[in-house]
Amino acid sequence: MSVKDGLDHLKNTPKGKYIPDEEFRALLKHLPDFFKPVVQVAYLTGMRRSEIFNLRWSQVDLNEGTLDLSAEDTKTSEPRIIYLGRLPELRRIFVEAKLRKKRRQKLVFTKPDGSPLEKQYSVRFFKRACAKAKVESYRFHDLRHTFSTTALKAGISRTVIMKLTGHKTLAMFLRYAHLDREQSESAMESLGEFLSERRRHANG
């Protein structure tokens, strides 16, 4: 393999890890109560950490069921809308956060004292939760990878997932989508059934 081929391989290698649902539920139990909603939102929407940490109540419309991210809020400088849709768990997070909201509180998610969340703060919590849950050492950013992969498994098209997560290119999206053995074997099984059916028709 040439140096160029090696670099191309690294570029297309999935960046991060996929968190199985049972492991996610296990580590969630060991997070501080005020930080659990943040992690759940990342898991259910694929939003970036900065997008969640900086989310303001002025961007949340519970009647319409949307989170309105402006160009200034996203890494790609492109606005997008997050739909709460028919996910009761996701909508409940924001309804409960609204009930806990302090007067004049602009940010949706904060520390218990109302101050903004910090990156290093979350890194420590996530690492500690993984250790206590006795699961692999995941990072907060792996929640975004997990969302993309789960959405693919649910049959959502790549184009739609890219729109939901704010990925600008397919190459970058593919670094976030992990095809595990179960999904790969299922795909090959479907291909085998398709080819067998086609041969039967050809010979029939």
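In this predicted model, the buried residues of helix H6 are Tyr121, Ser122, Phe125, Phe126, Ala129, Cys130 and Ala133. Around the helix axis they cover an arc of only 155 degrees, which puts them on the same side of H6. Helices H2, H3, H4 and H7 (142–153) are what these buried residues pack against. Turned away from that side is a face carrying the exposed residues Gln120, Lys127 and Ala131. From its first C-alpha to its last, the 15-residue helix H6 reaches 21 Å, close to the 21 Å expected at 1.5 Å a residue. Just after H6 comes Lys134, where phi is positive, at about 60 degrees.

Helix H5 offers a second view of a helix with a buried side. Its buried residues are Leu90, Ile93, Phe94 and Ala97. Viewed down the axis of H5, these residues fall within an arc of 85 degrees, so they line one face of the helix. Their cover includes H3 and the strands E1, E2 and E3. On the face turned away from the buried side, H5 carries the exposed residues Pro88 and Leu99. H5 has 13 residues, and its reach of 18 Å between first and last C-alpha is close to the 18 Å expected at 1.5 Å a residue.

It helps to place these two helices in the chain as a whole. The chain contains 10 helices and 3 strands, and from the N terminus on the elements run α-α-α-α-β-β-β-α-α-α-α-α-α. The chain has 204 residues, of which 38% count as buried. Of its contacts between residues at least 6 apart in sequence, 62% join residues at least 24 apart. The accessible surface of the chain is about 12,700 Å², with 54% belonging to carbon and sulfur atoms.

The strands form an open sheet in the order E1-E2-E3, with antiparallel pairing. E1 and E3 stand at its edges with a single partner strand each, so one side of each has no neighbour in the sheet. E1 (60–61) pairs with E2 over 2 bridges, and Asp61 stands opposite Thr66 in E2. Between E2 (residues 66–69) and E3 there are 4 bridges, and here Thr66 stands opposite Tyr83 in E3. Strand E3 (residues 80–83) shows Arg80 and Ile82 on a covered face, while Ile81 and Tyr83 lie on an uncovered one.

What, then, fills the interior? In soluble globular proteins, nonpolar side chains tend to be buried together. The largest nonpolar core here has 39 residues, and those with the most contacts inside it are Leu27, Phe35, Val39, Phe94, Phe109, Phe140 and Leu143. Two or more residues of this core come from each of H2 (21–28), H3, H4 (49–53), E2, H5 (88–100) and H6 (119–133). Phe109 illustrates how the core is knit together: leaving aside neighbours within four places in sequence, Phe109 is in contact with Pro37, Val38, Val41, Ile52, Phe53, Leu55, Ile93, Phe94 and Leu117.

Finally, a residue of helix H3 (residues 36–45) deserves a look, namely Gln40. Buried means under 20% relative accessible area, and Gln40 counts as buried because its relative accessibility is 16%. Not counting residues up to four places away in sequence, Gln40 touches Phe24, Leu28, Glu89 and Ile93. Among these partners is Ile93, which is also one of the buried residues of H5.

Technical notes: Residues are numbered from 1 along each chain as its sequence is written. This is a predicted model: local features need pLDDT of at least 70, side-chain atom pairs count only at pLDDT 80 or more; totals for chains, interfaces and linings use all residues. Side-chain values use heavy atoms; hydrogens and water are left out. Buried means under 20% relative accessible area, exposed over 50%, partly exposed in between (1.4 Å probe, protein chains only). Contact means heavy atoms within 4.5 Å. Accessible areas come from the Shrake-Rupley method with a 1.4 Å probe; for residues, only the protein chains shown count as cover. Two strands pair if DSSP finds at least two bridges between them. A nonpolar core is a set of buried Ala, Val, Leu, Ile, Met, Phe, Trp, Tyr and Cys residues joined through side-chain atoms within 4.5 Å. The expected span of a helix is 1.5 Å times one less than its number of residues. The arc is that of the directions from the helix axis to the C-beta atoms.
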